[in-house]
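Biologist: Please take one helix from this model and look at it closely. Then work outward from that helix to the rest of the chain.

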Amino acid sequence: MRRGLIFDIKEFAIHDGPGIRTTVFLKGCPLACMWCHNPEGQSATPQILRNPGGERLVGEYITSDDLAGRLNRQAKIFKQNGGGVTFSGGEPLMQSAFIAEVITLLDDIHVLLDTCGYGSSDDFRHLLKKVDLVYYDLKLMDPELHQKFTGRDNSLILENLTVLSQSGVPFVIRVPLIPTITDTTENLSRIANRIQNLPGLVKVDLLPYNQSAGAKYEAAGMRWQPDYDEKKPVTANLKIFTDLGINVGVK
Ligand code: SF4
């Protein structure tokens, strides 16, 4: 029986995939995006968040059996509402064996994997056999900018995008709109060209900038240092995608 490390479970979520869902947030992420609004999800160990109001332990180990049991108790609600379970993070691929084991213990429940794509391709292939839908993040196409703003280059993410498109699993590409960084015409055009005609692509979701991104850094003992102007409005240029016949929206 495997154990996983989670930092939140959100029930009755309506923005994390189709229908009413329960989202499981796995703790630990190989990236460190400058705009990450869940910095407590990055460390792969439990940690204390310190606020003026007190302290809170973030990160709880749970067995696959316990987690699957909790999710299975909601199976009827998921069925009635076309919903299911979403595995998010952090980065779920860091705990792919645990997630795979949880899924095998689930009753007939729709499973969505929400990933940044940075993880072992073998683990990803294995997990893709068990999920119904994937949310796949693409942030920056330029490898150097990707390295600068997320801490890693994007070669593995682009390799895994190919793995995904060959898997037969439908997927949604999600692009966080960061003012002057990811929302540039050049970056969005490169993303559109890369995903055009990929088998399995359902649509692109452009995600508006989260203005409260920096709220939790101090509590997590981290420094909030965005190297961009948060106040600048983002450009959601849908036409770049629609011109290539790609279904796109702003979430
Ligand atoms: S991939 Fe997501 S969880 Fe990981 S650092 Fe980036 S924004 Fe945060």
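Modeller: I will take helix H1, whose buried residues pack against strand S1, strand S2 (21-26), strand S5 (60-63), strand S6 and helix H3. The model is a predicted one. The buried residues of H1 are Ser64, Leu67, Ala68 and Leu71. Viewed down the helix axis, these residues fall within an arc of 95°, so they line one face of H1. The general background is that an α-helix has 3.6 residues a turn, so residues three or four places apart point the same way.

One of the partners of H1 is H3, and the buried residues of H3 are Ser96, Phe98, Ile99, Glu101, Val102 and Ile103. Glu101 is thus among the buried residues of this helix. The cover over the buried residues of H3 includes S1 (3-13), H1 (64-72), S6, strand S7 (110-115) and helix H4 (121-128). S1 and S6 therefore appear on both lists, that of H1 and that of H3.

S1, one of these shared elements, holds Arg3. Arg3 counts as partly exposed because it has 14 C-beta neighbours inside 10 Å. Apart from neighbours within four places in sequence, Arg3 is in contact with Tyr61, Ile62 and Thr63. Arg3 also gives a long span across the chain: Arg190 is 187 residues away in sequence, and the two C-alpha atoms are 39 Å apart.

S6, the other shared element, leads to the ligand. The loop between S6 (84-89) and H3 (96-105) contains Gly90. The peptide bond from Gly89 to Gly90 is cis, with omega near 15°. As a general matter, most peptide bonds are trans. Gly89 and Gly90 both belong to the surroundings of the ligand, which also include Glu91 and Cys116. The other residues around the ligand are Cys29, Leu31, Ala32, Cys33, Cys36, Asn38, Gly41 and Gln42. By class, this shell has 6 nonpolar, 5 polar and 1 charged residues.

Farther along the chain is strand S9, with 5 of its 6 residues buried. S9 runs parallel to strand S8 (residues 133-137), and 4 bridges join the two. In one of these pairings, Tyr135 has Val172 of S9 as its bridge partner. S9 also runs parallel to strand S10, to which 6 bridges join it. Val175 stands opposite Leu206 of S10.

The loops after these strands and helices include two residues with unusual backbone angles by the general rule that most residues other than glycine have a negative phi. Thr180, in the loop between S9 (171-176) and helix H7 (185-195), has a phi near 70°, which is positive although the residue is not a glycine. Thr180 counts as exposed because it has 11 C-beta neighbours inside 10 Å. Asn197, which is not a glycine either, has a positive phi of about 70°. Asn197 lies in the loop between H7 and S10 (201-207), and its 10 C-beta neighbours inside 10 Å are why it counts as exposed.

After S10, the loop leading to helix H8 (239-242) contains Lys231. Lys231 counts as exposed because it has 8 C-beta neighbours inside 10 Å. Lys231 and Lys139 are 92 residues apart along the chain, and 19 Å separates their C-alpha atoms.

That leaves the chain as a whole. The protein chain has 8 helices and 11 strands. Of its 251 residues, 40% count as buried. The C-alpha trace spans about 45 × 45 × 30 Å along its principal axes. The radius of gyration is 18 Å, and it agrees with that of a compact globule because the value for 251 residues would be near 18 Å. Among contacts with a separation of 6 or more, 73% are between residues 24 or more positions apart.

To return to the helix you asked for: H1 has its buried residues on one face, and what they pack against includes S1, S6 and H3.

Definitions and conventions:
Residues are numbered from 1 along each chain as its sequence is written. This is a predicted model: local features need pLDDT of at least 70, side-chain atom pairs count only at pLDDT 80 or more; totals for chains, interfaces and linings use all residues. A residue is buried if 20 or more other C-beta atoms lie within 10 Å of its own, exposed if 12 or fewer, and partly exposed in between; C-beta atoms are placed from the backbone. A residue is near a molecule or strand if its C-beta atom, placed from the backbone, lies within 6 Å of it. Ala, Val, Leu, Ile, Met, Phe, Trp, Tyr, Cys and Pro count as nonpolar, Asp, Glu, Lys and Arg as charged, and the others, Gly among them, as polar. Two residues are in contact if their C-beta atoms, placed from the backbone, lie within 7 Å. The radius of gyration is taken over C-alpha atoms; the globule rule is 2.2 Å times the number of residues to the power 0.38. The arc is that of the directions from the helix axis to the C-beta atoms. Two strands pair if DSSP finds at least two bridges between them.
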